[in-house]
Amino acid sequence: MAPVLVRLALRRAVREARYVRPVPFGRATGLVRDVYRGLERDFGMLAPPVAVHSPSPAVLAASWVMLRESLVAAGETSRADREIVATLVSRGNSCPYCVEVHGMALESLGRSAEAAAIVEGRPVADPREGALSAGARAELTAVAFAFHYLNRVVSVFLGPSPLPPTVPDSARAKAKAVLGRFLRPVTGASPGDSLELLPVGSRDFAWAAGNPVVEDAFSRASSAFAALPVPASVRDLVERELSTWDGAPPGLSRSWVDAFDDPAVRLALVVAKAPYQVDDALVAAAGLGDRELVELVGWASFAAAANLTSRRTADEAGERT
């Protein structure tokens, strides 16, 4: 866990979120308090990408359960391999915040070469490729799923860097080096310790069958997202659009979504397919309160992550047969 002063600074960093007001650490109660404590204990800090979910306690818990049981908990694969997957997925999703954070985590694990290569856009061996046991494949697939989800949330609610914008360019390298030492991954996190935060789910994640804890975690998270009060009209349209989407970004223009009249549909679709296109006008048009906005963004992000994971899993299964 980070030293007290650093931990307090990271708690304050949550205030930099856009569009929503996360629950401050000192005011957290119930499920929010339980997640915050787990974050600081097992992740080492009150990570803003998770804390921004706090206006909706159920979504907060689901985001933490996915992150903890994929990236943080001990398993068959190394933390370094998981961090490489997290950073590669984040680069593919154009999420500089997550690339920077998990690049620093890689450096703290002695993998500076891979971290630099990912940042510079050079090829890096993907740990998901090649021969893997069913359990190892489930773990790494879960990491990719979690970051397809988190990259979208971060793109909406956080800036391009975990460092405050007040840090001058000349000092950023030193600031990253200092922060990186405190972001060294916590070891010894037992699998499954976060599961009790959410009710039992349907266990319908075939790609996770090789790891019962991962399967349980993502099933519980899926049930939490399915229970959110997202209008059926939004769910149906977004799910229909995602069913034919191959994962390719729609480009820099947002004209592809202008044909939809409902502002909530437009926001959900942009979050799912091109979160880097979310802006003030799109969010303002939806007219949602903090909790409703977190739930819509979370639901759309989960739907996109599920779609991308299913497509890759099907492609991998085809390659192995």
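This is a short walk through one protein chain, from its overall build to a few single residues.

Hi everyone, and thanks for coming. One thing to keep in mind from the start: what we have here is a predicted model.

Let me begin with the overall build. What kinds of elements does the protein chain contain, and how many? There are 14 helices and zero strands. So if you read along the protein chain from the N terminus, you meet α after α until the end.

Next, the overall dimensions. The protein chain has 321 residues, and for that number a compact globule would have a radius of gyration near 20 Å; the value here is 18 Å, which agrees. If you draw a box along the principal axes, the C-alpha atoms fill roughly 50 × 50 × 40 Å.

How much of the protein chain is buried? Buried residues make up 55% of the 321. The accessible surface comes to about 13800 Å², and carbon and sulfur atoms account for 54% of that.

The contacts are worth a moment too. Take the contacts with a separation of 6 or more: residues 24 or more positions apart account for 72% of them. One long-range pair you can look up on the model is D34 and L197. In sequence these two are 163 residues apart, while their C-alpha atoms are 8.1 Å apart in space. D34 sits in helix α2, and with a relative accessibility of 36% D34 counts as partly exposed.

A quick word on charge. I find 35 positive side chains and 36 negative ones, and the centres of the two sets lie 6 Å apart.

Now to the aromatic rings. The structure holds 10 aromatic pairs, and I'd like to show you two of them. The pair to start with is F145 and F302, which is tilted, with 5.2 Å from centre to centre and 55° between the planes. Why is this pair worth pointing out? F145 belongs to helix α8, residues 134-157, and F302 to helix α14, residues 290-320, so the pair ties together parts that are 157 residues apart in sequence. Both of these phenylalanines are buried.

The other pair is W207 with F218. Here the arrangement is edge-to-face, at 5.3 Å centre to centre and 75° between the planes. W207 lies in the loop between α9 and α10, and F218 is in helix α10 itself, so this pair ties together parts 11 residues apart in sequence. Are these two residues buried or exposed? W207 is buried, at a relative accessible area of 14%, and F218 is buried as well, at 0%.

If you step back, both pairs turn up in one picture: ring pairs link F145, Y149, F205, W207, F218, F225 and F302 into a cluster.

Last stop: the backbone, and two residues with a positive phi. Y19 has a phi near 70°, although Y19 is not a glycine. You'll find Y19 in the loop between α1 and α2, and at 27% relative accessibility Y19 counts as partly exposed. The other one is S94, also not a glycine, with a phi of about 55°. S94 is in the loop between α5, residues 79-92, and α6, residues 96-108. With 44% relative accessibility, S94 is partly exposed.

To take home: 14 helices with zero strands, and a ring cluster that includes F145, W207, F218 and F302. Thanks for listening!

Technical notes:
Residues are numbered from 1 along each chain as its sequence is written. This is a predicted model: local features need pLDDT of at least 70, side-chain atom pairs count only at pLDDT 80 or more; totals for chains, interfaces and linings use all residues. Side-chain values use heavy atoms; hydrogens and water are left out. Helices (H or I, at least four residues) and strands (E, at least two) are DSSP runs, numbered from the N terminus. The radius of gyration is taken over C-alpha atoms; the globule rule is 2.2 Å times the number of residues to the power 0.38. Buried means under 20% relative accessible area, exposed over 50%, partly exposed in between (1.4 Å probe, protein chains only). Contact means heavy atoms within 4.5 Å. Accessible areas come from the Shrake-Rupley method with a 1.4 Å probe; for residues, only the protein chains shown count as cover. Lys and Arg count as positive and Asp and Glu as negative; His and the chain ends are not counted. The place of a charge is taken as NZ of Lys, CZ of Arg, CG of Asp or CD of Glu. Rings of Phe, Tyr and Trp (its six-membered ring) pair if their centres lie within 6.5 Å; planes under 30 degrees apart count as stacked, over 60 as edge-to-face and the rest as tilted.
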